[in-house]
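Q: Please take a close look at one part of this model: the small open sheet and the helices that lie across it. What packs where?

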Amino acid sequence: LANPLAHIPDNLLIDFTAMVPYQLGTILQSDQRDKLNNIKICLIGGARLAEKTKISLSDFQCTFYATYGMTETLSHIALQKLNGINVQDSFKTLPGISLSADQRGCLVILAAHLNDSQIITNDVVEFKGPDSFLYLGRMDGVINSGGVKIFPERIESIVEIVFSELNLTNRFFITGVPDPQFGEKVILCIEGDNLPGATEKKLIQRMRDSLKRFEIPKEIQYIDTFIQTETGKINKPKT
């Protein structure tokens with residue numbers, strides 16, 4: 001269900017639930033948003049949570065956690081508290097989980113519930129301590145521009161806020177394309193018609209103010225309709 005709170009009583013108290021970002025986003029834009037205050041703990045997982053959504057969670061009594069996990073780990077192995085007291089800026093591992101990184105900088109997970117077998121991921125991380133980390137992005141999606149590794153996920157999280165400030169609702173993504181000088185260059189792909197000239201200029205200026213020099217998109221490409229995966233995510237390579 002896109003909105004799992006739509007058909008439950010207004011006074012029903014819920015101790016625990018789990019949602020994907022799409023469901024949470026739908027609820028936040030619906031008449032049922034206040035029902036989130038009837039939930040004690042909510043886990044959010046399955047996809048990256050939009051930065052503007054994270055910011056809006058401070059308005060609610062419910063305690064929200066972002067989760068990190070994958071099919072290979074059978075469940076989540078780390079949590080990040082998103083609102084309330086002691087908000088966390090990184091994921092913290094659950095008991096029985098040990099972490100390290102391989103030579104690529106990708107996360108390696110050793111989990112007691114998996115008979116202590118190692119899981120080598122393609123997720124590039126930055127350790128904040130022995131049991132906490134920042135997720136930077138996927139190694140297979142990294143853009144190498146002039147020898148600098150650039151993570152689209154980081155740029156997208158910042159551009160997302162810029163879009164919100166400019167009241168832009170177009171879908172977008174960051175990717176890299178071949179460049180004769182730097183090997184690859186960063187571009188911004190926007191779904192739909194070209195933005196009005198004045199709006200595009202504001203967008204470019206805001207991105208220049210918010211991003212590191214090598215992260216700033218070198219061009220903007222407009223695409224009528226993005227190609228999606230079977231699960232509704234944007235298929236960047238095919239698009």
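A: Start with helix 3, residues 152-165. Helix 3 lies across strand 12 and strand 13, and runs at about 130° to strand 12. The model is a predicted one.

How long is helix 3? At 1.5 Å a residue, its 14 residues should span 20 Å. The end C-alpha atoms are 20 Å apart, which agrees.

Helix 3 is also well covered. Of its 14 residues, 10 are buried, so the helix is largely enclosed by the rest of the structure. The buried set includes nonpolar residues such as Ile155, Ile158, Val159, Val162 and Phe163. Glu153, Glu156 and Glu160 are buried as well, as are Pro152 and Ser157. Just after the helix, Asn167 has a positive phi of about 60°.

Now the sheet. Three strands make up an open sheet in the order 12-13-14, with mixed pairing. Strand 12 (172-179) and strand 14 (219-223) are the edges. Each has a single partner strand, so one side of each is left without a neighbour in the sheet. On average, neighbouring strands are turned by 40° against each other, direction ignored.

Strands of a sheet pair through backbone hydrogen bonds, either parallel or antiparallel. Strand 12 and strand 13 (residues 183-191) take the antiparallel sense, over 8 bridges. Within this region, Ile174 stands opposite Leu188 of strand 13.

A further helix belongs to the picture. Helix 4, residues 197-210, lies across strand 13 and strand 14. Helix 4 runs at about 130° to strand 14.

Then the nonpolar cores. The largest has 30 residues. Among those with the most contacts inside it are Leu24, Phe64, Tyr68 and Phe133. Elements that each supply at least two residues of this core include strand 1, helix 1, strand 2 and strand 8 (118-129). A second, separate core has 21 residues, including Ile174, Leu203, Ile220 and Tyr222. Ile174 thus appears twice here: opposite Leu188, and in the second core.

For contrast, look at helix 1, residues 21-28. There, 6 of the 8 residues are buried, so helix 1 too is largely enclosed by the rest of the structure. The buried residues are Pro21, Gln23, Leu24, Gly25, Ile27 and Leu28. They pack against strand 1 (14-19), strand 2 (39-44), helix 2 (51-56) and strand 3 (63-69).

Note on methods:
Residues numbered from 1 in each chain as written. Predicted model: local features only at pLDDT ≥ 70, side-chain atom pairs only at ≥ 80, totals over all residues. Heavy atoms only, no water. Buried < 20%, exposed > 50% of the residue type's maximum accessible area, 1.4 Å probe, protein only. Helix = DSSP H or I, 4+ residues; strand = E, 2+ residues; numbered from the N terminus. Contact = heavy atoms within 4.5 Å. Pairing = 2+ DSSP bridges. Axes fitted to C-alpha atoms, helices over the stretch in contact; angles between N-to-C directions. Core = buried A, V, L, I, M, F, W, Y, C linked by side-chain atoms within 4.5 Å. Expected span 1.5 Å × (residues − 1).
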